[in-house]
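Please open the structure in your viewer and keep the selection tool at hand, as this tour moves from one stop to the next and says what to look for at each.

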Amino acid sequence: MARALTLAARGAYTTRPNPVVGCVIADGARVVGEGWHARAGEPHAEANALAEAGAAARGATAYVTLEPCAHFGRTPPCADALVAAGVTRVVAAVRDPFYQVAGQGFAKLQAAGITVESGLMEAQARALNRGFFSRIERGRPWLRVKLAMSLDGRTALHDGESKWISSEASRADVMHWRARAGGLLTGIATVLADDPRLTVRLPDDVAFVPPVRIVLDERGRLPHGCRLLTDGAAPTLAVHGDDVVPDYSDELPAFSVRRLDGGGLDLAAVLAQLAQRGIGEVQVEAGATLAGAFLRAGLVDEVLLYIAPVLLGERGRPLFAGLDPATMAERIGLRIVETAHIGPDLRLHLVPGDVPR
C-alpha cells in the first residue's frame, strides 16, 4: 500500500478534478503490476496496473489507495475490470465518498466472490486526497493559506511593499504547492497593488493542470488590463457581490455571493460555489486582511508559512489582520506538523489546533 500511495502521488499535479489513485497488484510478495491515474479522462490506476500484470493478475491481490469505481464515466468501472481479470482479493486504503461509488465498488467485488478489505493506511490516503475528500464530504475545498513573513512577524512594509520577503528558493518551492491546488485565490486589493500573474512556473518537463485563478472582487473593480485577464496561462474566475454587475461580466467567468453586513463577501458561500465547480483544494495568496478573514471565519485548514531571516520593523503589516484576543486564553492556536529549511528561510506547515499548554 505504501508503494501504491507513492504511485498515486505522481498524479498530484494532473488528475484534477479526479482524485489521485495508485494500484499495486501482487502475487504473494511478488509485484506483477502497478499503475496510477495520470489525468482525468485517461485510464484509472487499476486499469494501468492490470494492463502491466496481464494474465499474472489472476489469483492475485490488488492494493489500491481508493475504493475501485463502480460506474461508467469517461472510463469503464474499475471494479468490473478487477473481476474480469480474476483478482481474488482487493485491499483498499479508504472508501470512496463520491455518490456514484460510495461502497458500490466494494459491493460489486464482493458479489463476484472477491475478498475485500479496507482501512490499510487510510489516514495517509485521505491526506493525499484531502481536497477531493473535502469537496465531497464537506461541500467546500480544502483551504491552504500561503504567507511569507519576517522574523518580527511582518508580511509587508507599512506602505504595502512586500517584494521580496522570502528567498528565490522559497518562491520556487511555492510553485509546487500551487501546482497541486485546483484554485489560487487572491483579493482585489492584492491585484490592484501588485498585479500578480498567479501562475505555476515549473521546469518544462513537469506536467501540471493550471489551477484556476480566483479573485474576490466585491465591488467589481478588476482592471481590464491586469495580468489575471491578459495572461492566458491559466483561467481566471471572478467573485463579486450579489448587488454588483461588473463591466467584465461578458468576458470573464464570474459568480456572485451575498455581501455581509459588516463588509466583505460571504467566504463560506464562495468556497461552496468553488466546490460545485469541481475545485477541491484552494491556495490563498493574499494580504493580511483576506487571510485574517478566512481565519476568523474558521475556514483555514492549513497554513504554509515561510519565515525569512529579515526584520521589517514595527510599522510593518501583520500576518493576519483583524485578530484581537482580549486575553491570553483567547489566543489562537496552531499546530506545527512539519518544518523545513528552504534556502535561507524556514518553512512551517501548520494546522489549526488547540492553544499549546
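Which residues are buried in helix H6 (residues 130-138)? Keep in mind that you are looking at a predicted model, and begin by selecting that helix, where Arg-130, Gly-131, Phe-132, Phe-133, Ser-134 and Arg-135 are buried. To see what covers these buried residues of H6, add to your selection helix H5 (122-128), helix H7 (168-180) and helix H10 (267-276), which are included in the cover, and then strand E6 (142-150), strand E11 (281-284) and strand E12 (302-308), which are also included in the cover. Just after H6, pick out Gly-139, which takes a positive phi of about 75°.

Next, select helix H4 (residues 104-111) and find Lys-108 within this helix. Is Lys-108 buried, partly exposed or exposed? Its relative accessibility is 31%, and because buried means under 20% and exposed means over 50%, Lys-108 counts as partly exposed. If you now show its neighbours, leaving aside residues up to four places away in sequence, you will find that Lys-108 touches Ala-70, Pro-77, Ala-79, Asp-80 and Val-83. Select Cys-69 as well, which is 39 residues apart from Lys-108 along the chain, and note that the C-alpha atoms of the two are separated by 9.7 Å.

For the third stop, select strand E13 (residues 334-342) together with strand E14 (residues 345-352), which pair in the antiparallel sense over eight bridges. One place to look is His-341, whose bridge partner in E14 is Leu-346. The two strands E13 and E14 form a hairpin with two residues between them, and in the turn you can select Gly-343, which has a positive phi of about 60°.

Finally, clear the selection and view the whole chain, whose secondary structure comes to eleven helices and 14 strands. Its C-alpha atoms fill a box of roughly 70 × 50 × 40 Å, taken along the principal axes. A compact globule with 357 residues would have a radius of gyration near 21 Å, and the chain, at 23 Å, agrees with this. If you colour the residues by burial, the buried ones make up 50% of the 357 residues. Among contacts between residues at least 6 apart in sequence, 69% join residues at least 24 apart. If you colour the charged side chains instead, you will find 38 positive and 40 negative ones, with the centres of the two sets lying 2 Å apart.

Notes
Residues numbered from 1 in each chain as written. Predicted model: local features only at pLDDT ≥ 70, side-chain atom pairs only at ≥ 80, totals over all residues. Heavy atoms only, no water. Helix = DSSP H or I, 4+ residues; strand = E, 2+ residues; numbered from the N terminus. Rg over C-alpha atoms; globule rule 2.2 N^0.38 Å. Buried < 20%, exposed > 50% of the residue type's maximum accessible area, 1.4 Å probe, protein only. Contact = heavy atoms within 4.5 Å. Lys, Arg positive; Asp, Glu negative; His and termini not counted. Charge placed at Lys NZ, Arg CZ, Asp CG, Glu CD. Pairing = 2+ DSSP bridges.
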